[in-house]
Amino acid sequence: MSKVKYYYDPDTLSYRKIEPKKSRKYRNISLFFLGSFLSGFLGLILLLNTNLVNTPRELSLAREVKNYELQFELLSKKMEQIEQVLANIEDRDNNIYRLYFEANPIPEEQRRAGFGGVNRYKSLEGFNNSEMIIATTKRLDIIQKQMVIQSKSLDEITKLAEEKEKLLAAIPAIQPIKNEDLTRMASGYGWRSDPFTKARKMHWGMDFTSPKGTPVYASGDGKVIRADNNSSGYGKHIRIDHGYGYLSLYGHLSQYNVKRNQKVKRGDLIGFVGNTGRSEAPHLHYEVWKDDQRINPINFYYGSLSAEEFENMLKYANQENQSLD
């Protein structure tokens, strides 16, 4: 209920009711509505510019942003795991595989080098999370490069392993006559007495005494480059080129079981013991060459002799007796 105001009239000596003017009343009503409208408008603007009220689209976008941030966090953890696995593989690659096959290790800076030149990430700039997106993309690029380098390294190791396998098969690593077929190991590599002149002479191979016709075997994989009687002193003999600078020679044979240019494997039957050429009795004269230099064959019998058999052979081979050729 509105308050009624009065004033004192001295003429009538009484209180009279104050009647408000209609114009003033309308002005007050107008000011009230204007103030209410302005207050509501300003309140709405403030409300829209705060996070207290969001539209459904804004709420959806906010959820998507949160989801992307979560996905980036999970991706970062996965990349960290991949980096740890790659680091372990790279360590084994450098310190085991490449070391075993005598290949140079791949430097760390080469494995983890970035990409120079043109800015590859310019299209990712200008967004709210550009820094995070660019950093993640760089990590992915480096991981991809590491995987390419590691893949090429493993391809190289595979080739080296295949080559190593061929080398191990090619080295003349077994005794050319079986132990059960031997009469004795007559003479070793070194200075020996010549059976014909009795003078001390360098004996460039090993003599294995055995009956005529005893099988002779290839001591390593290779190709027969000679099977003839055209070399002074050796009589009927065979030469096998094993590759990698290795060559083996089998002298004083009675028969051949191979021919020139034939490929052989370690342990293949290539001929038979004889007494041809400059020989005093049936035996096999066996030589090993490396890079055109004759070397002691006894160092290559690890493929066919036990430790005890090798020790006995070493003892006989070092005796300065008379050779048979």
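Me: Which residue in β14 does Leu249 stand opposite?
Reply: Keep in mind that this is a predicted model. Here β10 and β14 pair in the antiparallel sense, over six bridges. Across from Leu249 in β14 stands Glu287.

Me: And on the β9 side, what is the bridge partner of Asp241 in β10?
Reply: Strand β9 covers residues 237-243 and runs antiparallel to β10, with five bridges joining the two. In the hairpin they make, two residues sit between the strands, and Tyr244 takes a positive phi near 55°. For Asp241, the partner in β10 is Leu247.

Me: How many of the six residues of β10 are buried?
Reply: Side chains in a regular strand alternate between the two faces of the sheet. On one side of β10 you have Tyr246, Ser248 and Tyr250, and on the other Leu247, Leu249 and Gly251, all of them buried. That makes β10 mostly covered, and the count of buried residues is six of six.

Me: Is the ring pair of Tyr250 and Tyr286 stacked, edge-to-face or tilted?
Reply: The structure holds one aromatic pair. Its ring centres, in Tyr250 and Tyr286, are 5.3 Å apart. Planes under 30 degrees apart would count as stacked and over 60 as edge-to-face. The planes here are at 45°, so the pair is tilted.

Me: How far apart in sequence are the parts that this pair ties together?
Reply: Tyr250 and Tyr286 are both buried. Tyr250 belongs to β10 and Tyr286 to β14 (residues 283-290), so the pair links parts separated in sequence by 36 residues.

Technical notes:
Residues numbered from 1 in each chain as written. Predicted model: local features only at pLDDT ≥ 70, side-chain atom pairs only at ≥ 80, totals over all residues. Heavy atoms only, no water. Phe/Tyr/Trp six-rings, centres within 6.5 Å; stacked < 30°, edge-to-face > 60°. Helix = DSSP H or I, 4+ residues; strand = E, 2+ residues; numbered from the N terminus. Buried < 20%, exposed > 50% of the residue type's maximum accessible area, 1.4 Å probe, protein only. Pairing = 2+ DSSP bridges.
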